[in-house]
Structure formats: C-alpha cells, structure tokens
Amino acid sequence: MPLNNIYHQILDNLKTAILLVEPNLTVSYINPAAESLLAVSDQRIHGEAITKLFHEQEDTLVKLLDAINNCEAYTKRETVLTLRSGTEITVDYAVTPVTENRRTSLIIELQPLDRLIRISREEGLLSSQQNSQALIRGIAHEVKNPLGGLRGAAQLLARELNDPKLHDYTNIIIDEADRLRNLVDTMLGPHRAPEKQKTNIHEVLERVRQLVEAESDGSIRIIRDYDPSIPDILGDREQLIQAFLNVIRNAQQALRQDSPSDSDPTIVLRTRTLRQLTIGTHRHRLVCSVDIVDNGPGIPADLRASIFLPMVSGRAEGTGLGLSIAQSILNQHNGLIECRSEPGNTVFSLHIPLEHAS
C-alpha cells in the first residue's frame, strides 16, 4: 500500500513506532520512531519479511495472516520481542488491518515498555530500601537504649563482685551487648554522610580488585574490561570501595561455595558510560555504569526480589547486610544497584550519575 506525501509526513513525525506490512508479510514502511526502537533503517528492511525484523516466542506469522485473512485487529500486552541483533525489548503492540482495492495490509503500532517497567521496578526497589531503613532506625532506637543500660549495669555489678571468677559472667554480658550494638550499627549502614570529591572509578575498582585477589589467593580469576574514557565521578572514595567490595565479596563467596570443582571461577569488572538513563524517577544525561559479573550458580529466583533488603541471605552463615549497605551507599550517591541472574551469569550493575561531577 503506497503512502502519499501527507500521510508519510504525519507518520514520520509520530513518536509511536509504526510499521506497514504487506499481504505477503513483507515490510513496506517503518517510521523513524520504529527505526530507533528496532535498531534498523527503513531502507535496509524495505521489502524484507517481518520475521527478519523481530520475532517472539509465539508464532507471529500465524496471527498476522489471520488478521489479514479475517480482517480482524488485535492487541498484545507486555510482549517480549527479540530483534535481529539479539536484543530483547518489551512492548505493547496493536495490529490493524487496512483494506484498499480488495488488498489488505497491516498497520502495526509498537509502544515500548522497557523504560516504564524499569521506572516502576526502581521505584519499588528504592521504596523498599527506604522503608527498611526507617524500620531499622526504629528498631535500633528501641534496642540500643536497653543495651546501654544492660552494659552499664554489668559494669557496676563487676565492681561489686569480690570473686574474680564471677567477672567472666559480667564480661560475657558486656561483650554480647557490644556485639549486638555493633550489629545494629552495621545494619544502619554508613555512620556519616558521604564526603564527595572527584574520584576515578578505576582507582576504586583496582583497590577492590587487589583486596579480593589477596583474599582469594588466586583461586578466582578477575578480568578487567575498563573504559578509560570515563570521567571522574563525584563520590566518597572510601564508601564506594566498601560498596564495590561488598558486591564483589558476595560473588566471591558464591563462586567459592557453589561452583563445580571443574569450573573456572571468574569475576568480570566492566565499566561503561550510559546516556539518558532513568534512576528512580530522575533521568540522567550521563551515568557511570559498573558491571560485576560472575559465572557462579546464580541467585535463587525466590531471593532475587529481596536480596537488597537487610538480613536476607542465600547462605546459612551470611548476615544479609553486605548488599543492603552497598545499596544504601549508592543511594547516597544518587545511584542504584540492579541485579539480573541466571545460572552461569549473574550481573550486578552499579549506576552512578556523572553530571554532578562536571
């Protein structure tokens, strides 16, 4: 179906991705919004089968042919399309048959959802983090006050006791009170606001790498994939070292305990810059992104939604505080940590805005 000039101009200026598909299911037109979304040019895909543009798990061709033969429109929600590059995108799309001179073509409208899904997921993550921190502060207040009284009473009691053997019992009370106080302090995260200054992200990562290599004694291979063009970020160097160290130690422990004996335990440190990235509800022009990738067994599906909450751990001996503290530090730097995981490929992505360092 040829497009006359006025319709062509209208479609070219729409923000919605539009495709025109012929009865033989070849693509005769895509507008600039569709070119951007599908990462292909109109000239390159013109006359090609639509299956060369994208495909989904269900049989797209059968549905499209039914729409042509029966002249029936249909809509699909939150569908994952795999592009020719292998990239996956989540979209809503509507298929509308258009008949002219007894010849039925299809108009396909694509509405990308990835950014909306990402914003919703990050808002939920930030909200959970804030709620858990508020809960912990309340618990800390209720716990630390009686602990102080308990510790003070044990010290007074120790002074009144003449038998040195009984001091062992008061010392246990004092030590356990101190241990509980330190645990509560750790749950609260950093004790001070970050002292931000220009910091080279690769110097931070190299410091962390040296610490992890010393701890693992060469049993874990660490691969560096750095982008040297990344400018300095604005951050607290010591707190950022702590955040990255917590995440990498988490990967290190998973590789040590759960990897098969014949595997090659590997952690990849990868840095990149991302443009126009939304963190929470704020869209940042430029973001430093650090991926920490391990080839371990992955995170159990039932833990993935809660791994950044305090006291949540997949290991019996774990405290469940490392990732929570790392997330809290990134939040104080206007950043965020995300995670995606499957067996053999777990990726923690730490995002820190760069525009504040300009």
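## Starting at R224

Let's start with R224, which is partly exposed at a relative accessible area of 46%. For orientation, buried means under 20% relative accessible area, exposed means over 50%, and partly exposed is in between (1.4 Å probe, protein chains only). Keep in mind that this is a predicted model, in which local features need pLDDT of at least 70 and side-chain atom pairs count only at pLDDT 80 or more, while totals for chains, interfaces and linings use all residues. Residues are numbered from 1 along each chain as its sequence is written, and side-chain values use heavy atoms, with hydrogens and water left out.

Which residue does R224 meet in a salt bridge? The partner is E206, with 2.9 Å from N to O. A salt bridge here is a side-chain nitrogen of Lys or Arg within 4 Å of a carboxyl oxygen of Asp or Glu. This pair ties together distant parts of the chain: E206 sits in helix α7 and R224 in strand β8 (residues 221-225), with their positions 18 residues apart in the numbering. Helices (H or I, at least four residues) and strands (E, at least two) are DSSP runs, numbered from the N terminus. And there's a bigger picture, as salt bridges with shared partners join E206, R209, E213 and R224 into one network. Within that network, R224 is partly exposed, whereas E206 counts as buried, at 19% relative accessibility.

## More charged pairs

How many salt bridges turn up in a search of the whole structure? The search finds 14. One of them joins E176 to R179, whose closest N and O atoms are 3.0 Å apart. Both residues belong to helix α6 (residues 167-188), and because they are three residues apart there, about one helical turn separates them. Each of the two counts as partly exposed: E176 has 36% relative accessibility, and R179 has 47%.

Another pair brings the side chains of K52 and E48 together, at 3.2 Å from N to O. K52 is partly exposed, with a relative accessible area of 45%. E48 also counts as partly exposed, at 28%.

## The nonpolar cores

Now for the inside. Nonpolar side chains in soluble globular proteins tend to be buried together. The largest nonpolar core in this model holds 39 residues, and F244, I292, F348 and L350 have the most contacts inside it. Such a core is a set of buried Ala, Val, Leu, Ile, Met, Phe, Trp, Tyr and Cys residues joined through side-chain atoms within 4.5 Å. Two or more residues come from each of α7 (201-216), α8 (237-258), β10 (266-279), β11 (282-294), α9 (322-332) and β13 (345-353). Which element gives the most? That's α8, with nine residues.

Zoom in on F244 and you'll find that it touches I201, V204, L205, V208, V290, I292 and L350, leaving aside residues up to four places away in sequence. Contact means heavy atoms within 4.5 Å. There is also a second, separate core of 28 residues, and L25, L38, I45 and L53 are among them.

## Two residues up close

N246 lies in helix α8. Is N246 buried or exposed? N246 is buried, with a relative accessible area of 12%. Its contacts include G322, I325 and A326, again not counting residues up to four places away in sequence.

R151 belongs to helix α5 (residues 114-160) and is partly exposed, at 24%. Setting aside residues up to four places away in sequence, R151 touches I174, A177 and D178. The C-alpha atoms of R151 and I173 are 6.9 Å apart, although 22 residues separate them along the chain.

## The whole chain

Stepping back, the chain has nine helices and 13 strands. It runs to 358 residues, of which 44% count as buried. Take the contacts between residues at least 6 apart in sequence, and 62% of them join residues at least 24 apart.

What about disulfides (pairs of cysteine sulfur atoms within 2.5 Å)? A search of the whole structure finds zero. As for individual cysteines, C71 is partly exposed, with a relative accessible area of 42%, while C288 is buried, at 0%.

Notes. Disulfide = S-S within 2.5 Å.
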